[in-house]
Amino acid sequence: DCSDAGCDLPCETVFPFAEAADAASSSDDAHEPTAAVDEDGDLLCARRKRRKLATPGRGRLRICHALATPLSDVGLQVWRGALLLCDHLFARESAQLLDGAVVLDLGAGCGLTSAAACLAGARAVFCTDAHTASLRNSANNADANGVGGLVRVRRLDWSAVDVWPSPSEGEFGWSSSDLQALRGATVLLAADCVYDDGMTSALVALMSRVLPALGPSAVAFVSLERRVNFCLEGMCARAPAAEHFHRELEAQRGLLVGSLVAPDGVPQRFEYERAPTLELWRVRAACASAEQGASERREVRTLQSRSRATSSSGAPRL
């Protein structure tokens, strides 16, 4: 019961997470299982032991959330995709990206990823959602984790904005200073927002407008879980919501470039089942990816020129 924390949701969970030196890679458990049988010949299943990734007193996040909700309130639950994204936020490769950054968290739900981004080094996080219950819960969770001064909880409906939200008054409204700070964002987050086709289309469309407007340094990270269902069309098992996201991303190929982040390369710091159905996407504006590729090609040409100059100067060749 988390009523003492100012939350009327039925559950409070403490999510411990490991420091960098203690984090274990998800590939650490990769091994060929061995089959064993008992005296009656029945198969004995070797169960993986749960690893304790964090010691008491180390990093932890306290999150109030619901255990079960109707579809309209799923943002009040904690989903595994959010934990995968939190793992990525604490990865070494994210440290420089988040250090002092302004972050826009889309469909933040319980605010878990917003709080994690603050602890990972962000100086300001816009924790956004369209639902009042989720926004109030996110604000409570930010305060409970000591990052209430860094997290700005704001209302944002993806389908109702063009690029930037408009100034608004009232609870969770946007001020002029908010909008000015938002234009300096360099990291976008979206955890477990891929489950409804209409919302997914609005999410990808919003990224296709916001990322180019933020400039070449901006990047979005989208985590999702492929929820597999048996579909009558084709009479096969498919993940329709994830497939729709893939199609929408491909349809925006002229504006966006997406690439999968291999989960095996993301050390697991939080305690949850790292299922193979989890996906983490890195998305940039197409112009940013082109500029990055051009920069890499210029660097290669510069190194080649230096090499030729060294060779022609009579220096010994190795």
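I started with T200 and found it in helix α6, which spans residues 197-214. The model is predicted, and I read every value below with that in mind.

I checked whether T200 is buried or exposed. T200 has a relative accessible area of 0%, so I entered it as buried, the cut-off being under 20%. Leaving out residues up to four places away in sequence, I listed C193, V194, Y195, H244 and F245 as the residues that T200 touches.

Next I looked up A220. I located A220 in strand β10, residues 219-225. Its relative accessible area is 1%, and A220 therefore also goes down as buried. With residues up to four places away in sequence not counted, A220 touches L188, M207, L211, W281, R282 and V283. I also took one C-alpha to C-alpha distance: A220 and L106 are 10.0 Å apart in space and 114 residues apart in sequence.

I then turned to the nonpolar cores. The largest one holds 41 residues, and I noted L61, V103, L112, V151, L189, F221 and F270 as those touching the most other members. Helix α1, residues 80-89, supplies the largest share of this core, with six residues. A second core, separate from this one, has 38 residues, and I found A124, A185, L256 and V283 among them.

Which residues is V103 in contact with, leaving aside its neighbours within four places in sequence? I recorded L98, A122, A124, V125, F126, V187 and L189.

Two names recur in my entries. V283 is a residue that A220 touches, and V283 belongs to the second core. L189 is in contact with V103, and L189 is listed with V103 for the largest core.

Definitions and conventions. Residues are numbered from 1 along each chain as its sequence is written. This is a predicted model: local features need pLDDT of at least 70, side-chain atom pairs count only at pLDDT 80 or more; totals for chains, interfaces and linings use all residues. Side-chain values use heavy atoms; hydrogens and water are left out. Helices (H or I, at least four residues) and strands (E, at least two) are DSSP runs, numbered from the N terminus. Buried means under 20% relative accessible area, exposed over 50%, partly exposed in between (1.4 Å probe, protein chains only). Contact means heavy atoms within 4.5 Å. A nonpolar core is a set of buried Ala, Val, Leu, Ile, Met, Phe, Trp, Tyr and Cys residues joined through side-chain atoms within 4.5 Å.
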